[in-house]
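Me: Please take a close look at the side-chain links in this chain, meaning the salt bridges and the disulfides. Then go through the surroundings of one serine in the same detail.

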Amino acid sequence: MNWVIVALVAACCASFQFCQAGSNSPQVTCGSLLKLQHTKTSVRLHSHEVTYGSGSGQQSVTGTPGSDDVNSYWAVAGRQGDNVPNCKRGEPVKCNDVIRLRHSSTGRHLHSHHFQSPLSHNQEVSCYGDSASSDTGDNWQVMCSGKSWRRDNKVQLKHVDTNKYLYVQGATFGHPISGQYEVSATHASSSDTQWKAMEGVFVKPTKK
């Protein structure tokens, strides 16, 4: 996928509460561009060209209260490490599937590793690599109930390499990203690790 085009599409959708392509299917599909809302705090998963001042020094990942920020779009991509293509465009994402989330504005992947997060001292979550550079630290397992990831259901994202969950508790940053929430990874599943697909461009499911 051309990530310049993805970013332009995201920018066009930023002024709308909901933007959808294809059909009214409730399924999240491979190739879709979406925002993820943390269900407890209502912040959207977010990134930007601001790096951590400690830990890995990689691009930071936060939660932002606003729903209209173009830097909160993520593309659903296949897992890293397979020798064969996976997560074909339009293929529904099944519960327990392993995927990557690629930040639409910068092309980097949602990532985690054994660095300490700056505020809560949990496991750091960052953005890493680009369309040509990725590793297994970018792989996340979709934990949900039922057969597939539905936009109307809560999901959890479990980091495959470390078995920790994408997490928001409530700690916020100061300058230069004042008011944005720390996103980290934690060992325990709870209401603080639940997310929901919100605004986005959802690819019509392929017929089997």
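Reply: What follows goes through the salt bridges, then the disulfides, then the serine. The model is a predicted one.

The count of salt bridges comes to four, and three of them are described here, including one formed by Glu-199 and Arg-44. In that pair the closest N and O atoms are 2.5 Å apart. Glu-199 belongs to strand S12, residues 195-201, and Arg-44 to strand S2, residues 44-51, so the pair links distant parts of the chain, 155 residues apart. Both Glu-199 and Arg-44 are buried.

Strand S2 also holds Glu-49, which forms a salt bridge with Arg-108 at 3.5 Å between the closest N and O atoms. Arg-108 sits in the loop between strand S5 (98-103) and strand S6 (109-116). This pair, too, links distant parts of the chain, with the two positions 59 residues apart in sequence. Glu-49 counts as exposed because its relative accessibility is 61%, where exposed means over 50%. Arg-108 has a relative accessible area of 27% and is therefore partly exposed.

Another salt bridge brings together the side chains of Asp-152 and Arg-150, at 2.9 Å from N to O. Asp-152 is partly exposed, at 43% relative accessibility. Arg-150 is also partly exposed, at 31%.

Turning to the cysteines, a search of the whole structure finds two disulfides. One of them joins Cys-30 to Cys-87, with an S to S distance of 2.0 Å. Cys-30 is in the loop between helix H1 (3-13) and strand S1 (33-38), and Cys-87 is in the loop between strand S4 (74-78) and S5, so the disulfide ties together parts that lie 57 residues apart in sequence. The link of Cys-30 and Cys-87 is left-handed, with -100 degrees about the S-S bond. Both Cys-30 and Cys-87 are buried.

The other disulfide joins Cys-95 to Cys-144, again with S to S at 2.0 Å. Cys-95 lies in the loop between S4 and S5, while Cys-144 lies in the loop between strand S8 (140-143) and strand S9 (156-159), so this pair ties together parts 49 residues apart in sequence. The link of Cys-95 and Cys-144 is left-handed as well, at -115 degrees about the S-S bond. Cys-95 counts as buried because its relative accessibility is 10%, the limit for buried being under 20%. Cys-127 is a further buried cysteine, at 2% relative accessibility.

The serine is Ser-60, in strand S3, residues 59-64. With a relative accessible area of 1%, Ser-60 is buried. Its side chain makes a polar contact with the side chain of His-48, at 2.8 Å. A polar atom of the Ser-60 side chain also lies 2.7 Å from the backbone oxygen of Val-50. Leaving aside neighbours within four places in sequence, the residues in contact with Ser-60 are His-46, Ser-47, His-48, Val-50, Thr-51, Tyr-52 and Ile-177. His-48 and Val-50 thus appear both in that contact list and in the polar pairs of the Ser-60 side chain, His-48 through its side chain and Val-50 through its backbone oxygen.

Notes:
Residues are numbered from 1 along each chain as its sequence is written. This is a predicted model: local features need pLDDT of at least 70, side-chain atom pairs count only at pLDDT 80 or more; totals for chains, interfaces and linings use all residues. Side-chain values use heavy atoms; hydrogens and water are left out. Helices (H or I, at least four residues) and strands (E, at least two) are DSSP runs, numbered from the N terminus. Buried means under 20% relative accessible area, exposed over 50%, partly exposed in between (1.4 Å probe, protein chains only). A disulfide is a pair of cysteine sulfur atoms within 2.5 Å. A polar contact is a pair of N or O atoms within 3.5 Å; within protein, one must be able to donate a hydrogen and the other to accept it, and residues adjacent in sequence count only if both atoms are side-chain atoms. Contact means heavy atoms within 4.5 Å.
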